[in-house]
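User: I'd like to go through the salt bridges in this protein. Could you explain how each label is earned?

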Amino acid sequence: MRDKGQPNLIYIFADQWRRQAVGYEDEDPVLTPNIDSFSRESTVLTDAVTVSPLCSPHRGSLLTGKYPINTGVYTNCKVGADLMLSSDEICVSDVLFKAGYETGYIGKWHLDLPELNVTDEPESGAMGWDAYTPPGPKRHGFQYWYSYGAWDDHFAPHYWQDSPEKIKVNQWSVEHETDRALDFIKDRKRDRPFSLFISWNPPHSPFEQVPEKYQKLYREKELPLRENVHDSKYIVHTGEAVDGGLEELKINQLNYLAAISGIDDQFGRILQLLRDEQLEEDTIVVLTSDHGEMMGSHGLMAKHVWYEESIGVPFIIRWPKVIPHAKSDVLLNTVDIMPTLLRLLDLEIPNSVEGTDVSNLIINQRSDGPEAAYICGYPGRKEAIETFREAGLDNRAYGWRAVRTHNYTYVIHNGYAPGEERVRLLYNLRDDKFQLHPKQIDEFENHPIAEELDRKLRSWLSEVKDPFLI
């Protein structure tokens, strides 16, 4: 039998699930009884943020502990953009595999080059941004593989294992992936620890693709909108209009909350199996997401902006007898997750990591951790990349960068197209929770906080060699 001192790891992250949309936060009107109960047995990090509120950049940073500009995955892996997570990167899964862990990955990957960037007729049948990642170095040490690249069909998902043959399923993706996760745990090798990463796509759009039984939980309820949602047409961060107005937004919110209740239901199944298999005390469990969802706040849908609804993520971690039952205001950024998990597992942190290990702060309930989290958004649409290129400009020098502290968010936005005017904004998160009253900073006179945060941001940009124009 293996040494009981080496814990297992289950890391679960949903796509586009914002920090405000969980019951224990008492913000969005969402029902999450299993997660709420789990939170009372865990440490809840109330100030967890994503390094970049977009799928692929977050995932690359999660696995490597490096900032998106240095993983090369600064935008989504998509048709027309030849970027992907390099097989040369050292990922948390590579470290786990080398340490003797049985490793598994289930669900959305979205870190490989879309196959349509290479051929018009992929053997795997991958379409759009999707890709089959074959066994080998691009899987970064994950031995069990039940995954796909990027495809948003929650009721009819598909997966690949170890051949290009597509596995087609007619089952809600969260439930199906949970079935596979339960099988992985039950079939595990008993003489070694295991690590399992589960990547659920919902509550990501299309929002209406959620089982009826979860929609019923909300149909007779009054579902208030956030205070920063206004009655208007809605747009995405780059200005394109979103179909529908306030009534469609209310339907989207109901379905979004329903999907999160579905996640709660499936998460409860995993917790029950850990109890049945007597694995609770021997397993670190993390529940979180890659980024949030605006859902009408500030007139916006989706993500990729600096508002709390977009960058804020739930983050709950449980390891009985080691991690206390507490709420922690440690400022956790995506790049900090890999080193923190490795230190908890008593494994060596690679020199390539750019994040901070905050495990000691969590265990000892200290709050003297990182003072700032650095967040980035790059113009990444194919059309935007081409527009900058035609103007002789590096698209990575534009977009926005932000520094988030406990009390403030400071943003510099260089625009998503050549020639757009630079904007500097300062938000007081304690006095202006809904970020309705930013200060536009044209000069630093009489704005010492903005000046100090600007200095920190400049220092970080220099450190990571980000080409952002400042």
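Analyst: Sure! Keep in mind that this is a predicted model. Let's start with Glu27, which pairs with Arg226 in a salt bridge, with 2.8 Å between the closest N and O atoms. This pair ties together distant parts of the chain, 199 residues apart: Glu27 is in the loop between β1 (8-15) and α1 (33-39), and Arg226 is in the loop between α6 (212-215) and β8 (234-235).

User: Why is the pair Glu27 and Arg226 called a salt bridge?

Analyst: The cut-off is within 4 Å, nitrogen to carboxyl oxygen. The closest N and O atoms of Glu27 and Arg226 are 2.8 Å apart, so the pair qualifies.

User: Is Arg226 buried or exposed, and how do you know?

Analyst: Buried means under 20% relative accessible area. Arg226 has 10%, so Arg226 counts as buried.

User: And what makes Glu27 partly exposed?

Analyst: Glu27 has 28% relative accessibility. That value falls between the 20% and 50% cut-offs, so Glu27 is partly exposed.

User: What about Glu452 and Arg455: why are they separated by about one helical turn?

Analyst: Because they're three residues apart in helix α12 (residues 448-464). Their side chains meet in a salt bridge too, at 2.6 Å from N to O.

User: How do you know that Arg455 is partly exposed?

Analyst: Exposed needs over 50%. Arg455 has a relative accessible area of 47%, so Arg455 stays partly exposed.

User: How many salt bridges does the structure hold?

Analyst: There are 35.

Notes. Residues numbered from 1 in each chain as written. Predicted model: local features only at pLDDT ≥ 70, side-chain atom pairs only at ≥ 80, totals over all residues. Heavy atoms only, no water. Helix = DSSP H or I, 4+ residues; strand = E, 2+ residues; numbered from the N terminus. Buried < 20%, exposed > 50% of the residue type's maximum accessible area, 1.4 Å probe, protein only.
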